[in-house]
Amino acid sequence: MRFAIAAVLCLSLLPAQEKPKSALDKAQLEAYVRHLLAVIPEVQVKIDDPKPSAVTDLLKVDVHFTYGTRSQDETYFVSKDGKHIVRGLIYDVAKNPFQDDLDKLKTDSTPNYGTAGAPVTLVVFGDFQCPVCKAEAQVMRENLLKTFPTQARVYFKDFPLESIHPWAKPASIAGRCVFRQSPSAFWKYHDWIYEHQEEINPENLKEKVMEFAKTASDVDGVQLGRCMDSNATEADVDAAVAQGHSLGVDATPTLFINGRRMVGNYPWPNMEQIINGELNYQKTAQKPAAPSADDPCCEVKIPSPLNK
């Protein structure tokens, strides 16, 4: 869940007689954030230089956490005197509340289904090895077009969590190989690999994908095998992952409904209500919107004793 202002945090001040060398003391901010989030010493913390924000008196500071192959980013807003920080999001009430994320969501050359130009756009960042992604995919495939036959369009973005799912990225590369051959066959692959998820491991992935190819008349198995062996579509997968990182995605599934971020597997009645809300909003809004949940299951977290 994201908040416009999650919390205002007072940094420990230097003695009154001592003037800090700069308004933002990065070492002080790092120490404060480590204490706030209970970040263990093994985690590396990098703090970017302050940048202007939408609010005149606040500067935007991005903080990056790295632990082995895991990474996580957070944004803070710092007062110009360096004495206070805000952890959260800032909204401009004159704009769509999801505009920042909508500007970053690019759907060119992305697997999709549904009606072109539909009023509701759903962008899913998924991982083929993630069990909760499987559950969400089944819910959407069974219900979405049945309930909203012309009002919705779905885009799938690969977001394999390599640090916890060893065969997820090769499966994404294979899926993109299928997509190159036949965009419609991608959705056969998408449904098939989730259906057979429990049977797959890093050693038998290619063998299993070749089994799939035998069931798909519009997929050439030989061509698919060569594409997988050469990692010919890895750049496509990496581009989707990079886009996810730019949006702050760190868990799967993460779904954007007209820009509204939803993390985890939502029951269909909840999802249906949100889509209906978007349709109703667009009837009354001056400008139409553009394109308890379960635990997200598949989430990359920086180690902290605060994590459950």
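A disulfide is taken here as a pair of cysteine sulfur atoms within 2.5 Å. With that in hand, let's work through this predicted model.

**Exercise 1.** Find which cysteines form the disulfide, and work out its handedness.

*Solution.*
- Step 1: The sulfur atoms of Cys177 and Cys227 are 2.1 Å apart, and the two residues form a disulfide. The structure holds one such bond.
- Step 2: The torsion about the S-S bond of Cys177 and Cys227 is about -80°, so this disulfide is left-handed.
- Step 3: Now place the partners. Cys177 sits in helix H4 (residues 168-181) and Cys227 in helix H7 (residues 221-229), so to speak 50 residues apart, linking distant parts of the chain.

**Exercise 2.** Decide whether Cys177, Cys227 and Cys133 are buried or exposed, and settle the bonding of Cys133.

*Solution.*
- Step 1: The cut-off for buried is under 20% relative accessible area.
- Step 2: Cys177 has 2%, so Cys177 is buried; Cys227 has 12%, so Cys227 is buried too.
- Step 3: Cys133, at 2%, is also buried. Its nearest cysteine sulfur belongs to Cys130 and is 3.0 Å away; Cys133 is in no disulfide.

**Exercise 3.** Lay out the five-stranded sheet and name its edges.

*Solution.*
- Step 1: The open sheet has the order E7-E9-E8-E11-E12, with mixed pairing.
- Step 2: Strands E7 (112-114) and E12 (260-263) each have a single partner strand, so these two stand at the edges. From one strand to the next, the twist averages 20°.
- Step 3: E7 runs antiparallel to E9 (residues 152-158), joined by three bridges; Gly114 has Arg153 in E9 as its bridge partner.

Terms used: Residues numbered from 1 in each chain as written. Predicted model: local features only at pLDDT ≥ 70, side-chain atom pairs only at ≥ 80, totals over all residues. Heavy atoms only, no water. Pairing = 2+ DSSP bridges. Helix = DSSP H or I, 4+ residues; strand = E, 2+ residues; numbered from the N terminus. Axes fitted to C-alpha atoms, helices over the stretch in contact; angles between N-to-C directions. Buried < 20%, exposed > 50% of the residue type's maximum accessible area, 1.4 Å probe, protein only.
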